[in-house]
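Dear colleague,

Here is the structure I promised to pass on to you. Please have the sequence and the model open side by side while you read the notes below.

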Amino acid sequence: MSTPIDPTLAIQKEHLMPITPRPDICFTKGKGHYLYDQSGKAYLDLMQGWAVNTLGHSPDVIQKALLDQSAQLINPGPAFFNKPMINLAATLCAHSVFDQVFFANSGAEANEGAIKLARKWGQKNKSGAFKIITFAQSFHGRTLATMSATGKDAFAPLFEPKVSGFTKVPFNQLAATEQAIDKQTVAIMLELIQGEAGVISADSEFVLGLAALCKQHNLLLIIDEVQTGIARTGSLFAYQQFDIQPDIMTLGKGLGGGVPISALLATKQVSCFDYGDQGGTFNGNPLMCSVANAVLSSVLEPQFMPHIEKIGIYFQQQLKALSAKFGLGEVRGKGLLLALETQSYSAPDLVEQAREQGLLINAPKEHTLRFMPALNITEAEVDRCIACLTQLLESSKNVHPLSLSH
């Protein structure tokens with residue numbers, strides 16, 4: 001069993017706004033693939049801050065980057081250049097089709113910047129076109145504009161009136177997308193894998209078709225790689241697995257390996273902000289950029305990407321075997337962004353039971369488990385995850401699955 005938060009913290013936690021239900025656990029340490037609560041209990045973490053901790057908890061390279069940079073320069077302000085910022089932008093452009101980068105602090109902020117940049121480009125190049133086509137069940141962030149762009153059903157009634165100008169169409173349906181284009185459309189924005197929808201991948205024909213539509217109608221193609229970027233799917237960026245050249249891309253989560261940094265990337269032809277259009281107090285902060293440089297250096301090591309491919313295939317194989325054994329559903333995803341359909345079993349219940357056994361996984365949907373481990377995970381950790389889920393399912397195989405539901 002998990003050790004409850006001590007009485008003092010239990011009182012003090014009431015000062016936090018209740019924006020999400022949190023289990024009564026207080027984590028005090030993280031190392032590699034494990035989190036530790038105040039009693040010292042270890043939890044195998046296959047969420048890693050929702051695909052954030054690229055190299056696991058508190059890796060040595062990030063500790064060193066933070067310590068070294070903090071002794072040199074922490075915050076000169078966004079109105080000045082700093083070396084880590086310049087180096088990080090150069091590295092991202094050298095390994096992508098993009099020419100220029102704006103650094104921000106969260107994926108939502110990067111996506112907000114992408115929306116602004118597309119509208120600015122529409123003002124300058126397409127008679128003021130401003131509409132952006134997004135997709136049902138998409139997730140682009142929690143600012144007012146990015147919630148407006150998001151296709152998540154639960155967001156629909158919140159914080160009205162939202163920002164206008166977003167046309168939502170069904171995912172993976174090219175004809176519906178084409179029908180949604182009008183003279184005021186400036187861009188198409190999509191995730192190549194919809195993580196919050198249950199790890200739903202875009203079909204290759206769909207993505208190629210969208211790229212063709214953008215060329216035909218003079219639209220910008222915006223790829224939201226906040227969750228898929230920085231090798232999560234087995235290539236540095238997920239768009240590189242398709243024969244496309246996006247105009248704009250956003251990064252977040254894994255870029256900082258645990259610290260808050262995101263990026264908006266664009267080709268030189270599209271990068272059209274005027275002075276004062278975009279900014280932010282901590283954008284390009286050298287402390288965060290130093291960490292991101294360290295993360296990228298590790299990910300770009302010759303053996304890192306082949307490891308993701310190998311361990312990703314192994315994880316999928318083990319999940320498929322688990323599914324076959326217990327009559328579960330589809331295994332989806334690429335690299336180390338994976339999902340397992342639980343059929344009639346309640347995924348949130350399995351998440352709670354797994355946590356009690358020291359395993360942290362995620363349920364984005366009522367019958368979907370999601371796995372987002374550190375990218376340097378080993379077969380031993382995968383095996384421990386499968387063993388835990390096997391034990392949980394074995395213990396309930398003589399009980400009707402629906403009885404697991406709340």
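What follows is a walk through the chain as a whole, then its strands, and then a few single residues.

Please keep in mind throughout that this is a predicted model.

The whole chain

The secondary structure of the chain amounts to 12 helices and 17 strands. A compact globule of 406 residues would have a radius of gyration near 22 Å, and the chain agrees with this because its own value is 22 Å. Along the principal axes, the C-alpha trace spans about 65 × 55 × 45 Å. Of the 406 residues, 54% count as buried, and the accessible surface of the chain comes to about 18200 Å², with 55% of that area belonging to carbon and sulfur atoms. If one takes the contacts between residues at least 6 apart in sequence, 70% of them join residues that are at least 24 apart. As for charge, the chain has 32 positive and 36 negative charges, and the mean positions of these two sets are 3 Å apart.

The open sheet

Four strands make up an open sheet with mixed pairing, in the order β1-β2-β3-β15. The edges are taken by β1 (27-31) and β15 (359-360), and each of these has a single partner strand, so one side of each is left without a neighbour in the sheet. Within this sheet, β2 (residues 34-37) runs antiparallel to β3 and is joined to it by three bridges, with Y34 having L44 of β3 as its bridge partner. The hairpin of β2 and β3 has four residues between the strands, and G40 in this hairpin takes a positive phi near 95°. On going from β3 (residues 42-45) to β15, the sense is parallel and two bridges join the strands; here D45 has L360 of β15 as its bridge partner.

A second hairpin

Further along the sequence, β13 (residues 331-334) pairs with β14 (residues 337-341) in the antiparallel sense, over four bridges. In this pairing V331 stands opposite L340 of β14. The two strands form a hairpin with two residues between them, and G335 in the turn has a positive phi of about 60°.

The surroundings of F371

F371 lies in strand β17 (residues 368-371). With a relative accessible area of 0%, F371 is buried, because anything under 20% counts as such. Leaving aside residues up to four places away in sequence, F371 touches a set of residues that includes L46, F315, L319, I361, C385 and L389, and also L340, the residue that stands opposite V331 in the hairpin described above. F371 and W50 are 321 residues apart in sequence, yet their C-alpha atoms are 8.9 Å apart in space.

Two further buried residues

A129 is placed in the loop between α5 (107-125) and β5 (131-135), and it counts as buried at 2% relative accessibility. Its contacts beyond four places in sequence are R119, G122, Q123, K183, Q184, T185 and V186. The last of these, V186, is 57 residues from A129 in sequence and 5.2 Å from it in space, C-alpha to C-alpha.

C93, in helix α4 (residues 83-94), also counts as buried, at 16% relative accessibility. Not counting residues up to four places away, C93 touches F98, D99, Q100 and V101. C93 and I230 are 137 residues apart in sequence, and the distance between their C-alpha atoms is 13 Å.

Backbone details to look at

In the loop between α6 (144-149) and β6 (166-169) you will find P161, which is joined to E160 by a cis peptide bond with an omega of about -5°. F159 is found in the loop between α6 and β6 as well, and its phi is near 55°, a positive value in a residue other than glycine. Is F159 buried or exposed? With a relative accessible area of 55%, F159 is exposed.

Q48 likewise has a positive phi without being a glycine, with a value near 50°. Q48 lies in helix α2 (residues 48-51), and at 0% relative accessibility Q48 counts as buried.

With best wishes

Terms used: Residues numbered from 1 in each chain as written. Predicted model: local features only at pLDDT ≥ 70, side-chain atom pairs only at ≥ 80, totals over all residues. Heavy atoms only, no water. Rg over C-alpha atoms; globule rule 2.2 N^0.38 Å. Buried < 20%, exposed > 50% of the residue type's maximum accessible area, 1.4 Å probe, protein only. Contact = heavy atoms within 4.5 Å. Areas by Shrake-Rupley, 256 points an atom, 1.4 Å probe, with all protein chains shown as cover. Lys, Arg positive; Asp, Glu negative; His and termini not counted. Charge placed at Lys NZ, Arg CZ, Asp CG, Glu CD. Pairing = 2+ DSSP bridges.
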